[in-house]
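Dear colleague,

I am handing over the structure below, and I would be glad if you could look it over before reading on. My notes on what was found in it follow directly after it.

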Amino acid sequence: MLLEIREVSKKPPGWIKQGIKLGNTFHYRRKNPIVHNIFNLSVLCLILSWVGGLVYLGSILTTWLYIPLGALGFGLSYFMLIILVVHEASHQMFIILKNSKRARVWNRLFGWLVCIPFGINYSQHWEIGHLIHHSYPVEPQDPQNCPETIHTGATLWRYLTKVMLVPGYALLRPGSTCPTAKPYSQDWTLTAGAAISIITIGLLEIYCCHWTVAVAAILGIQILVALNILKIAMEHGGDVGKRDYYFLRSCSSFFPFRKIFMPLNITLHFEHHLNCSVPWYDLLRYHNNLQEIVPDEFKSLLFKSNIAVWKQINQ
């Protein structure tokens with residue numbers, strides 16, 4: 001079947017064009033800006049409220065129970081913030097306004113606010129780098145998911161083990177940066193900003209609540225990195241990332257508890273690459289409508305579930 005994909009990849013299949021056109025019916029520019037913005041900001045408030053709840057739990061749960069549960073909770077919170085705010089903002093659809101220049105300013109503001117504590121250069125890595133990723137997925141010039149950084153099989157599990165067990169490994173992540181991202185990956189200003197943010201927030205957590213909250217919050221970064229590594233393996237890992245035609249270099253994953261560990265429809269990645277102007281909350285509707293367009297012989301390759309997902313990340 002991979003051969004068949006390579007043959008049709010020289011020229012976009014007709015159903016691909018139909019799928020892109022279908023996605024335009026869910027385009028963010030068709031949304032009511034007030035409704036869209038209130039919804040996204042409300043979800044953001046829910047995530048921040050969840051973080052507040054995690055902080056409070058640190059004062060009532062025992063240390064041995066709170067630290068692992070808190071780390072998982074903080075990691076998922078960070079993950080949701082990146083997906084909802086940073087990722088959507090990079091496509092100019094966290095905040096939408098009739099004035100596109102003003103909308104870009106607001107998206108950039110929210111994107112930077114979330115990125116600074118993690119030492120991420122929002123402008124380079126997301127406003128520029130993520131759009132390059134969409135144009136050249138899993139290519140050497142892809143600054144986010146180049147071939148060298150997509151781990152599967154034994155390499156994936158070794159890498160995850162280091163991320164989870166080696167202190168600081170999740171922050172430094174040697175060998176995790178694509179060559180084209182290196183010129184802006186070592187930005188000491190951003191590193192200093194992240195360090196100041198982490199220390200300040202940690203001291204506030206210790207002063208206002210308990211030291212275990214600061215520990216769990218820092219360990220949550222390791223959970224964030226681990227979740228992102230698994231996400232990339234599911235999206236572009238193995239043979240998927242080697243397909244000739246760019247629109248076929250991603251797939252969507254469906255498995256139990258995906259809405260918890262891969263929230264906000266982030267696993268609907270084929271749909272997102274097919275038309276990246278569809279807001280996160282409409283990706284499932286887009287997927288359901290695509291079922292009538294995608295040929296049957298491609299469905300098992302682009303929409304994976306359970307055993308198929310497990311096989312892919314273990315290639």
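F79 is found in helix α4, which covers residues 63-90, and in this predicted model F79 is buried, because its relative accessible area is 2%, where under 20% counts as buried. Leaving aside the neighbours within four places in sequence, F79 is in contact with L224, L227, N228, K231, F261, M262 and P263. For a sense of distance along the chain and through space, F79 and L268 are 189 residues apart in sequence, while their C-alpha atoms are separated by 16 Å.

One of the contacts of F79 is K231, and this residue leads to a salt bridge. The side chains of K231 and E235 meet in that salt bridge, with a distance of 3.1 Å from N to O. Both residues lie in helix α11, residues 211-236, and they are four residues apart, which is about one turn of the helix. Are K231 and E235 buried or exposed? Both of them are buried, so that the burial of F79, at a relative accessible area of 2%, is found again in its contact K231.

A search of the whole structure finds six salt bridges, and besides the pair just described I would point you to two others. The side chains of D282 and R285 meet in a salt bridge at 3.1 Å, N to O. The two partners differ in how they are covered, since D282 counts as buried at 4% relative accessibility, whereas R285, at 46%, counts as partly exposed. The side chains of D296 and K299 also meet in a salt bridge, here at 3.3 Å, N to O. D296 and K299 are separated by about one helical turn, because they are three residues apart in helix α15, residues 296-302. D296 is exposed, with a relative accessible area of 61%. Returning to D282 and R285, salt bridges that share partners join these two residues and K31 into one network.

Another residue to look at is W157, which lies in helix α7, residues 153-165. W157 counts as partly exposed, because its relative accessibility is 32%. Not counting residues up to four places away in sequence, W157 touches L230, W310, I313 and N314. H130, by contrast, is 27 residues from W157 in sequence, and the two are 25 Å apart in space, C-alpha to C-alpha.

Two loop residues deserve a look at their backbone angles. Most residues other than glycine have a negative phi. V138, however, has a positive phi of about 55° although it is not a glycine, and it lies in the loop between α6, residues 122-135, and α7. F257 is likewise a residue other than glycine with a positive phi, in this case near 65°, and its place is in the loop between β1, residues 252-254, and α12, residues 258-261. Which of these two is buried and which is exposed? V138 is buried, with a relative accessible area of 9%, whereas F257 is exposed, with a relative accessible area of 59%.

Finally, here is the chain as a whole. The protein chain has 16 helices and two strands. Its radius of gyration is 20 Å, close to the 20 Å that the globule rule gives for 315 residues, and therefore the chain is as compact as a globular protein of that length. The C-alpha atoms fill a box of roughly 60 × 50 × 40 Å, taken along the principal axes. Buried residues make up 50% of the 315 residues, and the accessible surface of the chain comes to about 15,600 Å², of which 66% belongs to carbon and sulfur atoms. Among the contacts with a separation of 6 or more, 71% are accounted for by residues 24 or more positions apart. As for charge, the protein chain has 27 positive and 17 negative charges, and the mean positions of the two groups are 5 Å apart.

With best regards

Terms used: Residues are numbered from 1 along each chain as its sequence is written. This is a predicted model: local features need pLDDT of at least 70, side-chain atom pairs count only at pLDDT 80 or more; totals for chains, interfaces and linings use all residues. Side-chain values use heavy atoms; hydrogens and water are left out. The radius of gyration is taken over C-alpha atoms; the globule rule is 2.2 Å times the number of residues to the power 0.38. Buried means under 20% relative accessible area, exposed over 50%, partly exposed in between (1.4 Å probe, protein chains only). Contact means heavy atoms within 4.5 Å. Accessible areas come from the Shrake-Rupley method with a 1.4 Å probe; for residues, only the protein chains shown count as cover. Lys and Arg count as positive and Asp and Glu as negative; His and the chain ends are not counted. The place of a charge is taken as NZ of Lys, CZ of Arg, CG of Asp or CD of Glu. A salt bridge is a side-chain nitrogen of Lys or Arg within 4 Å of a carboxyl oxygen of Asp or Glu.
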